[in-house]
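Hello,

Here is the structure I said I would pass on. Please open it first, then read my notes below.

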Amino acid sequence: MKPIILDGTVVSNEMKANLKSRVKLLKQRDVVPCLATILVGDNPASETYVRMKGKACEEIGIKSVRVHLPIELTTNELINSIERLNADPSIHGILLQHPVPEHINERQAFEAINTEKDVDGVTSSGYGQTAFGIGHFPSCTPSAIIKILNYYNIPIKGKHAVVVGRSPILGKPVSALLLNEDATVTTCHSKTENLAEILKMGDIVIGAVGRPEFIQGDWLKKGVIVLDAGYNKGNIGDVDYKSCYGIASAITPVPGGVGPVTIATLLEHTVLSAENL
Ligand code: NAP
């Protein structure tokens, strides 16, 4: 049987249509939601991501301010820039495009973002709030994964979710969100033994590994729901789509799966931040 394709473009289009009307309402109150994106250096992939996010903002009427900083910047100088944006009442969300150049302390820079403007969900306090189920802005990709499951009415409660990856912006927060939704969660990582055996137990499998086509169909249980958060060079996910296609009952494609919903979630968080003023 063919799996249901969990189409992220459909989900994100619906989200964006809803956001457009919320932005219109805000404008009636003379509030224009504004996202500041900070790019340090000239990494071409990061430049593309920042451009894509700026375009997505424009599409729904969010203002986007691009702060492009030189590669030789120090951590303190970057923190000063972030603090200026924190203090600016016209900015509702701050996104520091990562990875930043190696000489910069990325964690310190993330922590400088005011939690109320942390629409990308990168601060440790934002993560703590997510884990407690009280935060407004969970990391965007984890939040996008839950939105896709909800959109397609896929039950989470009581299911065994296996997450492959434990990064602070993806694997850990998506595990926390799934747990908050009453899933039984196993989080795997590079030191996990018997990964294939653990994956076989998953009703829901999340690929968040950063390795192209890593998760194989014969590691999975028949009828599993597969969400591939991976985005590797050449538009390739972390899941081997071909071998998983015949096993899964539902699967996200790459591109066009988790990615577009991640961007729509960033927009949603920025609008929510403006509404919360
Ligand atoms: P990351 O920081 O490199 O983390 C990768 C995780 O995978 C780590 O926890 C690592 O374990 C684990 N891992 C690596 N090799 C493994 C193996 N052989 N077996 C089991 N686990 C293994 O990456 P990330 O930032 O979380 O990103 C993961 C993927 O999501 C990437 O493809 C990235 O491009 C993508 N991503 C997509 C979006 C989107 O919008 N769709 C957004 C963010 C990220 P250790 O902790 O033990 O090292």
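The lining of the second largest pocket is mixed: nine residues are polar, four are nonpolar and two are charged. This is a predicted model, so please read everything here in that light. The space in the second largest pocket comes to about 260 Å³. In total, 15 residues line this pocket. Those closest to its centre are Thr 115, Glu 116, Lys 117, Phe 137 and Ser 273.

Next, the ligand. There are 21 residues around it. Which of them come nearest? They are Arg 166, Ser 167, Ser 190, Ala 229 and Tyr 231. By type, the shell around the ligand holds ten polar residues, eight nonpolar ones and three charged ones.

Three polar contacts are worth a look on screen. Start with Arg 211: a polar atom of its side chain is 3.1 Å from a nitrogen atom of the ligand. Then go to Ala 229, where a backbone N or O atom sits 3.2 Å from a nitrogen atom of the ligand. Finish at Val 209. There, a polar backbone atom is 3.3 Å from an oxygen atom of the ligand. How much of the ligand does the protein bury? The ligand taken alone exposes 930 Å², and the protein buries 70% of that.

Now the domains. Both come from UniProt, in an unreviewed entry. The record places "Tetrahydrofolate dehydrogenase/cyclohydrolase catalytic" at residues 6–120. That span is 50% helix and 16% strand. Its end C-alpha atoms lie 23 Å apart. The record also places "Tetrahydrofolate dehydrogenase/cyclohydrolase NAD(P)-binding" at residues 139–275. Over residues 139–275, the chain is 36% helix and 15% strand. Here the end C-alpha atoms are 19 Å apart.

Last, some backbone details:

- His 98 to Pro 99: this peptide bond is cis, with omega near 5 degrees. Pro 99 belongs to the loop between β4 (93–96) and α4 (106–111).
- Val 254 to Pro 255: this peptide bond is also cis, with omega near 0 degrees. Pro 255 is in the loop between β9 (250–251) and α10 (258–275).
- Asp 30: phi is near 60 degrees, a positive value in a residue other than glycine. Look for Asp 30 in the loop between α1 (8–28) and β2 (34–40).

Where should you begin? I would take the ligand contacts, then the pocket, then the loops.

Best wishes

Note on methods
Residues are numbered from 1 along each chain as its sequence is written. This is a predicted model: local features need pLDDT of at least 70, side-chain atom pairs count only at pLDDT 80 or more; totals for chains, interfaces and linings use all residues. Side-chain values use heavy atoms; hydrogens and water are left out. On a 1 Å grid over the protein atoms alone, a cavity is a set of points where a 1.4 Å probe fits but cannot get out, and a pocket is an open set with protein on both sides within 12 Å along at least five of seven lines; lining residues have an atom within 4 Å of a point. Grid points are joined across faces, edges and corners, and a volume is the space filled by probe spheres set on the points. Ala, Val, Leu, Ile, Met, Phe, Trp, Tyr, Cys and Pro count as nonpolar, Asp, Glu, Lys and Arg as charged, and the others, Gly among them, as polar. A residue is near a molecule or strand if one of its heavy atoms lies within 4 Å of it. A polar contact is a pair of N or O atoms within 3.5 Å; within protein, one must be able to donate a hydrogen and the other to accept it, and residues adjacent in sequence count only if both atoms are side-chain atoms. Accessible areas come from the Shrake-Rupley method with a 1.4 Å probe; for residues, only the protein chains shown count as cover. UniProt positions are given in the numbering used here, feature names are shortened, and annotations may be inferred rather than shown by experiment. Helices (H or I, at least four residues) and strands (E, at least two) are DSSP runs, numbered from the N terminus.
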